[in-house]
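Colleague: I'm new to this one. Please walk me through it, starting wherever you like.

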Amino acid sequence: MKLAARVSQVTPSLTLAISAKAKAMKADGIDVCSFSAGEPDFDTPDHIKAAAKAALDAGKTRYGPAAGEPRLREAIAQKLQNDNSLCYGAENIIVTNGGKQSLFNLMLALIDPGDEVLIPAPYWLSYPEMVKLAEGTPVILPTTAETGLRATADQIRQAVTPKTKLLILNSPSNPTGMVYTPDEIQAIADVVVEKNLWVVADEIYEKILYDGATHLSIGAAGPEIYERTITSSGFAKTYAMTGWRIGYLAGPPPIIQAVTTIQGHSTSNVCTFAQYGAIAAYEGSQDCVQQMVSAFAQRRQFILNAVNTIPGLSCPKPDGAFYVFINISKTGMKSLDFCSTLLESHQVAAIPGVAFGADDHIRLSYATDMDSIKKGMERLATFVQSL
Ligand code: PLP
C-alpha cells in the first residue's frame, strides 16, 4: 500500500513508545521505575471531577459550539487577564482537545508549504513533526549549557530568512525545565516584531515554577507583540487532567476563526461535560495547584541532589515544569543506547534526548512518586558506575 508522502517524513512519538513499553513491563510484573511520562501522578482534584459529573447529570451531553462552551471561553479569557495580563475576550479563544491539538491546528492554519518555523532545541518532540505535517520546514536552533539551553534573541534574529513565518517559544520548557527570564522574553519579542514574524507561546507549564522564578507571557510584552502572538495552553499539567484532553489557543480573531473552521471539520467540539470540569479548574480554589507544585519541588530537589552525586552526569537546575535534562556525554553513550540499556538492565525508564534534538542528554520526569524516584535514582547510579 502506498501511504501519503507526508506520513513517511514523520517520526512516531518516542515518549509515548517508551512510556508504553514501561507500562507493559510493569503489567508483566517487572518492577520498573518509570521517569518517562510527562503526566502528573496525582488524580484530578475532586471539585473538578464533581463539576464534570454535575454537567453530565444536567444533560451537557450534546454537541456544542466548535470553539468551545461560551462559559469556558470566558473563564479562560478572565484567567489570561488576571494571571498573564493578556487582554482577550471569548472571541479570541478556542478550546481544543489538548495543547497538542491546539498546536497542530495552529500549524495547519498558519503554515504554507515551504514556510520556515524556528524551533529552539531541546524542543518538545511534537513541534517539528507538526510543522512537517503542515508541509512547513522546521528550522532547529541548537542551544548550549552556556545560555541555559535557551535560545537568545540574537540567535533567533540570525536564523530569520524571507521564508520564516513563526517562532515556537516554550517556557517553562519540556524537556529542559528552563524558564526564559522576563528580559529574555522582552528581547525575543523585539526580534519577532522587528522581523515581522508570528510567535506561538506554549505556556502549558506556566504554573509549575520553583525558587521564585517568574513567567512572563510574551504576548504581554507590549502592544505590537500582542498582535503577533498566539498563546497555547491547557489543563493537563496544572490540574492533573491529562486524560480529559482540554487545551486552548488565544490570539487574534482571524487566526482563532481559521482554527475553529479546521476544528469544525475535524474533531468538532471538545467533550461537552469535560469542559465544565475545566471551568471549575479555573474558577475554583487554586490550592490544589500549590499542593502539587510543592510535591514537585521536593522531588526536584531530591533528584538534583542525586544526579550531582553520580560521577559523569550533570544537569542544569530547572526552574519550572517537572523534568530534569541530564547531560550524559561523559559516559560516551548516545541517548537511545543509554536509555534502552538502562531499561533492559536496571528497569529504569527515561527518554533519550535524541527525541528532543539533544542526543547527549536524557530526560527524567519527576511527575512520579517519591519511592519510585528514590529507587530509580539508586538504580541509575549503579548503572552509570557499571559503565
Ligand atoms: N506542550 C508541551 C510542551 C507539552 O509537554 C505537552 C504535553 O506533554 C503539550 C504541549 C500537550 O499537552 P496536552 O495535549 O496533554 O494538553
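**A tour of the model**

Modeller: Let's begin with glutamine 347, which is partly exposed at a relative accessible area of 23%. Keep in mind that this is a predicted model.

Colleague: Why does glutamine 347 count as partly exposed?

Modeller: Because its 23% lies between the 20% limit for buried and the 50% limit for exposed.

Colleague: Where along the chain is glutamine 347 found?

Modeller: In the loop between helix H13 (335-346) and strand S10 (348-349).

Colleague: How far is the C-alpha atom of glutamine 347 from that of serine 34?

Modeller: The separation is 8.2 Å. Along the chain, these two residues are 313 residues apart.

Colleague: And histidine 346, buried or exposed?

Modeller: Buried, because its relative accessibility is 17% and the cut-off is under 20%. Histidine 346 belongs to helix H13.

Colleague: Which side chain does histidine 346 contact?

Modeller: That of serine 345. The two side chains make a polar contact of 2.8 Å.

Colleague: New topic, the ligand. How many residues surround it?

Modeller: There are 13. The closest are Gly99, Asn174, Asp202, Tyr205 and Lys237.

Colleague: What kinds of residue make up that shell?

Modeller: It has 5 nonpolar, 4 polar and 4 charged residues.

Colleague: Which helix gives the most to the shell?

Modeller: Helix H5, residues 98-110. H5 supplies 3 residues.

Colleague: Let's get down to atoms. What is 2.7 Å from an oxygen atom of the ligand?

Modeller: A polar backbone atom of glycine 99. Lysine 100 also takes part through its backbone, with an N or O atom 2.9 Å from a ligand oxygen.

Colleague: What about tyrosine 205, how far is its side chain N or O atom from a ligand oxygen?

Modeller: That distance is 2.7 Å. As for cover, the ligand on its own has 400 Å² of accessible area, and the protein covers 92% of it.

Colleague: Which pocket does the ligand sit in?

Modeller: The largest pocket.

Colleague: Switching again. Where does lysine 79 lie?

Modeller: In helix H4, which spans residues 70-84.

Colleague: Lysine 79 then, buried or exposed?

Modeller: Buried, because its relative accessible area is 7%, under the 20% limit.

Colleague: What does the lysine 79 side chain contact?

Modeller: The side chain of glutamate 206. This polar contact is 2.4 Å.

Colleague: Now the backbone. What is the usual picture for phi and peptide bonds?

Modeller: Most residues other than glycine have a negative phi, and most peptide bonds are trans.

Colleague: Which residues does a cis peptide bond join with omega about 0°?

Modeller: Alanine 121 and proline 122. Proline 122 lies in the loop between strand S3 (116-121) and helix H6 (126-133).

Colleague: And what is omega for the cis bond between asparagine 174 and proline 175?

Modeller: About 25°. Asparagine 174 came up earlier, among the residues closest to the ligand. Proline 175 is placed in the loop between strand S5 (164-170) and helix H8 (182-194).

Colleague: On to phi. What is the phi of leucine 149?

Modeller: It is positive, about 55°, although leucine 149 is not a glycine. Leucine 149 sits in the loop between strand S4 (137-142) and helix H7 (153-159). Leucine 149 counts as buried because its relative accessibility is 9%, under 20%.

Colleague: What about serine 268, where is its phi?

Modeller: Near 60°, a positive value in a residue other than glycine. Its loop runs between helix H10 (253-266) and helix H11 (272-283). Serine 268 is partly exposed, with a relative accessible area of 29%.

Colleague: Two more residues to finish. Where does serine 13 lie?

Modeller: In the loop between helix H1 (5-8) and helix H2 (14-27). Serine 13 is partly exposed at 23% relative accessible area. Its C-alpha atom is 7.3 Å from that of leucine 125, and the two residues are 112 residues apart along the chain.

Colleague: And alanine 66, how far is its C-alpha atom from that of valine 307?

Modeller: They are separated by 46 Å, with the residues 241 residues apart along the chain. Alanine 66 is in the loop between helix H3 (46-57) and H4. Its relative accessible area is 23%, so alanine 66 is partly exposed.

Note on methods
Residues numbered from 1 in each chain as written. Predicted model: local features only at pLDDT ≥ 70, side-chain atom pairs only at ≥ 80, totals over all residues. Heavy atoms only, no water. Near = heavy atom within 4 Å. Polar contact = N/O pair within 3.5 Å; in protein donor to acceptor, adjacent residues only side chain to side chain. Areas by Shrake-Rupley, 256 points an atom, 1.4 Å probe, with all protein chains shown as cover. 1 Å grid on protein atoms, 1.4 Å probe; cavity = no way out; pocket = protein on both sides within 12 Å on 5 of 7 lines; lining within 4 Å. Sits in = over half its atoms within 2 Å of the grid points. Helix = DSSP H or I, 4+ residues; strand = E, 2+ residues; numbered from the N terminus. Nonpolar A, V, L, I, M, F, W, Y, C, P; charged D, E, K, R; others polar. Buried < 20%, exposed > 50% of the residue type's maximum accessible area, 1.4 Å probe, protein only.
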